[in-house]
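Here is a walk through one protein model, to be read with the sequence and the coordinates side by side. The path starts at a single pair of residues and widens from there.

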Amino acid sequence: MRNYALGSLVLLLAIACGGSGLELSIDLKTDLVPGREMVGAQYELRRGDTYIGGDEVLAVGGRDYFAGVRIADVDGLAAGAYSLRVAAVGPDGETIQAQTF
């Protein structure tokens with residue numbers, strides 16, 4: 001297994017109120033090299049034990065993940081407590097880093 005100790009996974013959240021509920025924007029910041037060390041990112045949003053949504057997004061070379069890249073916009077959320085798990089996926093399909101917020 002490769003050592004990804006130098007990689008960092010930071011999530012930037014922006015929450016806005018729209019006409020159809022709250023909107024959550026998810027930005028990923030990492031120093032992992034897209035296409036080589038990281039081939040994608042996954043996110044999963046839950047409210048308690050209820051799965052709200054999630055997706056897997058390919059990491060595209062040439063995008064500045066060090067500065068931050070928007071990986072998702074989720075809208076129509078009701079006010080309340082949510083948990084969000086974001087993971088960086090390596091070339092072998094394994095999670096190499098993950099954080100839950």
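Start with Arg46, whose bridge partner in β6 is Ser83. This is a predicted model, and the pair belongs to a longer match between two strands. Strand β3 covers residues 40-47 and strand β6 covers residues 83-89; the two pair in the antiparallel sense over 7 bridges.

Strand β3 also pairs with β4. These two run antiparallel and are joined by 8 bridges. Within that pairing, Glu44 stands opposite Gly54 of β4. The link between the strands is short enough to count by eye: β3 and β4 form a hairpin with 2 residues between them. One residue to look at in the turn is Gly48, which has a positive phi of about 65 degrees.

Now put these pairings into the sheet. The order of the strands is β4-β3-β6-β7, an open sheet of 4 strands with antiparallel pairing. At the edges stand β4 (50-58) and β7 (95-100); each has a single partner strand, so one side of each is left without a neighbour in the sheet. On average, neighbouring strands of this sheet are turned by 15 degrees against each other, direction ignored.

Next comes Arg47, which is also placed in strand β3. Is Arg47 buried or exposed? Its relative accessibility is 35%, and because buried means under 20% and exposed over 50%, Arg47 counts as partly exposed. Leaving out residues up to four places away in sequence, Arg47 touches Ile52, Ala78, Ala79, Gly80, Ala81 and Tyr82. With one of these, Ala79, there is a polar contact: the side chain of Arg47 reaches the backbone oxygen of Ala79 at 2.9 Å. Gly80 lies 33 residues from Arg47 in sequence, yet the two C-alpha atoms are 7.9 Å apart in space.

A second residue to inspect is Thr30, in strand β2, which spans residues 21-30. Thr30 has 3% relative accessibility, and since the limit for buried is under 20%, Thr30 counts as buried. A polar atom of the Thr30 side chain lies 3.1 Å from the backbone nitrogen of Leu32.

Step back to the whole chain. What does the secondary structure come to? The protein has 0 helices and 7 strands, and from the N terminus on the elements run β-β-β-β-β-β-β. Of the 101 residues in the protein, 31% are buried. The protein exposes about 6000 Å², and carbon and sulfur atoms supply 51% of that area. Among contacts between residues at least 6 apart in sequence, 59% join residues at least 24 apart; the pair Arg47 and Gly80 is likewise separated in sequence, by 33 residues.

It remains to ask how far the model can be read. The mean pLDDT of the protein is 82, and 81% of the residues reach 70 or more. Where is confidence lowest, and where is it highest? It is lowest in strand β1 (residues 9-18), at a mean of 53, and highest in β3, at 94. Over residues 1-9, pLDDT stays under 50, although the model has 23 contacts for this stretch beyond four places in sequence. Where pLDDT is low, the predicted coordinates should not be read in detail.

Methods. Residues are numbered from 1 along each chain as its sequence is written. This is a predicted model: local features need pLDDT of at least 70, side-chain atom pairs count only at pLDDT 80 or more; totals for chains, interfaces and linings use all residues. Side-chain values use heavy atoms; hydrogens and water are left out. Buried means under 20% relative accessible area, exposed over 50%, partly exposed in between (1.4 Å probe, protein chains only). A polar contact is a pair of N or O atoms within 3.5 Å; within protein, one must be able to donate a hydrogen and the other to accept it, and residues adjacent in sequence count only if both atoms are side-chain atoms. Two strands pair if DSSP finds at least two bridges between them. Axes are lines fitted to C-alpha atoms, for helices over the stretch in contact, and angles run from 0 to 180 degrees between N-to-C directions. Contact means heavy atoms within 4.5 Å. Accessible areas come from the Shrake-Rupley method with a 1.4 Å probe; for residues, only the protein chains shown count as cover. pLDDT is the predictor's confidence in each residue, from 0 to 100.
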